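Colleague: Could you take me through one part of this model up close? I'd like to hear about the salt bridges and the residues that make them, in plain words.

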Amino acid sequence: MSKTKKILSVLLVMALALSMLAGCGSKPADTKPADAEKPADSAPATDGGEAAPAEPVESDRVLHIATSGDTGTLHPLSASGGFVSMQYNYYEPLWTFDGQGERVWKLATAYDQVGPTEFTLKLREGVTFSNGNPMTADDVYFSAYMCKDDARFYLNVGYIDFDKTNIVDDYTIDVWYTSESYTQDNSFSQLMILDKESYDAEALSTRPIGTGPYVVTDYVVNSHVTVEARDDYWGGKPAIKTIEYKVINETAQMVNALEVGDVDICAVPVDEIEYVEGLGYNIAQHFGGYANTALYSFAGALSSKEARYAVSLATDRESISYLMYKGISSVPSYPTSEHCLDYEERFANMNVVYSEGYNPELAKEYAEKAGLVGKTLKIITNGTEAYNDAATIIQSNLEAIGVKAEIQSYDSATYFSVVMDESNFDIALFYLSSPSMLACDVMSAYLTFIPLGWHDEARDEYQAVTDKILTEMDDAKRADLTYECLEIFEDYCPWFALNESVTSTAVSKDVGGANYYLAGNLFPIDLYWVN
């Protein structure tokens, strides 16, 4: 399409699964002082190459991949954590993007712009679901509509005008937007296509039906998922016949699994990278393109911006970052990742919480002004080791300024519902990513996705600005709008960016085809045995 730019695409929760596992340190006490020297030129690469560039060999070996965050379901509108990335075995989107931002067509073959808000979507013919049903435009429309009213997935179709969009024939859809959109094209990369005819939410929780190269043959909750290659896959039978995903949530168990050869692909804790590399694995590192973040509830003790400033200034982000990433990450200078494609230097250090950084003395002044001293805050996490460790550091930081904190960890499945209600927490550790990898998208979307209880005239003013951002097609004007919304946002400080996400992945040298997409993601159809 004429207005499509080379915008990188990242999957929201898939990136979290990889980076949270890869970013774990060994224990909360293993922190480094805020003024500790970081290694120069420590930024990881943003793209990767072949893990083992050799010719494929025939083998009946089972490929073992570590995953985490079992949500107890394989339904694509319920899965989170590592189970999001795993679904590329059995579900597919219309297209995705490679590590250079180039579109990779999957179930679609063309998306042509007809007018400012009208597009013609052409679908791949001859594609069947794993139950044998043909994939048609009805299935695509149905799948998009399923996202429409889902708080977690509406961004996939946020600008689609369903009243005007219509099916032309089995392989053509006339797509209309509600307004011009800079990001909708990229958001489609997260839309997984379901079979309308056989759709059964309960059945799909254990036996997915999709167009992907594999079919699920076994699923034991919190244990493993086994998939087998399809002979009738439209893209040709996969080179690897069987893949078993092993659920491994603890970093020590990950390293042990690599030591004894129980897994071939696994996220690697940063403090174990050198050791795992010494075991003979290829290691790839990538910026995730999003920031690990502390979200603040306006519903309780942090109702004033002075209280939120106090927590931010009291938080030792360097120690958190060192614990999670051992010097290969950095702390952002504004509320999201500096690796977003539209980041500009003028966005940096616009507010005291970023320009000043860790300052316990100033934090205590704000805490006393806000009446925060002596109160107890509730910090919640999604149960990952990295976020639990980060919460422990924040708890200690707050105690240093006279504020107590209690930590509540939830499992991945429960956490998403808990964080949607600001009365459940004061501080929630989360990740803020964008399907378009744009800061303006993050700033626009997340206070709708997770409201945090901010309801006043400033919030309305902020919404008015952000409503314009994603429909502004001029880059310079959109950047000015982003700056304007950041001014309002940082004054009120609804959240505080802690550090840049980094993924580290170990791949056996027996495995080829490890082509890294954004955030270090691997597609199973690319993989093959070389030994």
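Modeller: Sure, let's begin with D475, which counts as partly exposed because its relative accessibility is 39%, and that value lies between the 20% and 50% cut-offs. Keep in mind that this is a predicted model. D475 forms a salt bridge with R478, and their closest N and O atoms are 2.5 Å apart. Why can we say that about one helical turn separates D475 and R478? Because the two are 3 residues apart in helix 16. Now look at R478 itself: it is buried, since its relative accessible area is 5% and buried means under 20%. So this salt bridge has a partly exposed D475 and a buried R478.

If you wonder what brings such partners together, here's the general idea: side chains of opposite charge can pair when their charged atoms come close.

Next, stay with helix 16, which covers residues 475–492, and find D480 there. The side chain of D480 meets that of R346 in a salt bridge, at 2.9 Å from N to O. This pair links distant parts of the chain, with D480 and R346 134 residues apart. R346 sits in a loop, between helix 9 (317–325) and helix 10 (352–355). Are these two buried or exposed? Neither, really: D480 is partly exposed, with a relative accessible area of 43%, and R346 is partly exposed too, at 35% relative accessibility.

There's a bit more to that pair. Salt bridges that share partners join E344, R346 and D480 into one network.

For another example, try K148 and D149. They form a salt bridge as well, and the closest N and O atoms are 3.5 Å apart. That fits the cut-off, because a salt bridge needs a side-chain nitrogen of Lys or Arg within 4 Å of a carboxyl oxygen of Asp or Glu. K148 counts as partly exposed, at 34% relative accessibility. D149, on the other hand, counts as exposed, because its relative accessibility is 64% and exposed means over 50%.

And how many salt bridges does the structure hold? There are 10, and the ones I've walked you through include D475 with R478, D480 with R346 and K148 with D149. If you want to trace them yourself, you could start at D475 in helix 16, go on to D480 in that helix, and then jump across to R346 in its loop.

Key. Residues are numbered from 1 along each chain as its sequence is written. This is a predicted model: local features need pLDDT of at least 70, side-chain atom pairs count only at pLDDT 80 or more; totals for chains, interfaces and linings use all residues. Side-chain values use heavy atoms; hydrogens and water are left out. Buried means under 20% relative accessible area, exposed over 50%, partly exposed in between (1.4 Å probe, protein chains only). Helices (H or I, at least four residues) and strands (E, at least two) are DSSP runs, numbered from the N terminus.
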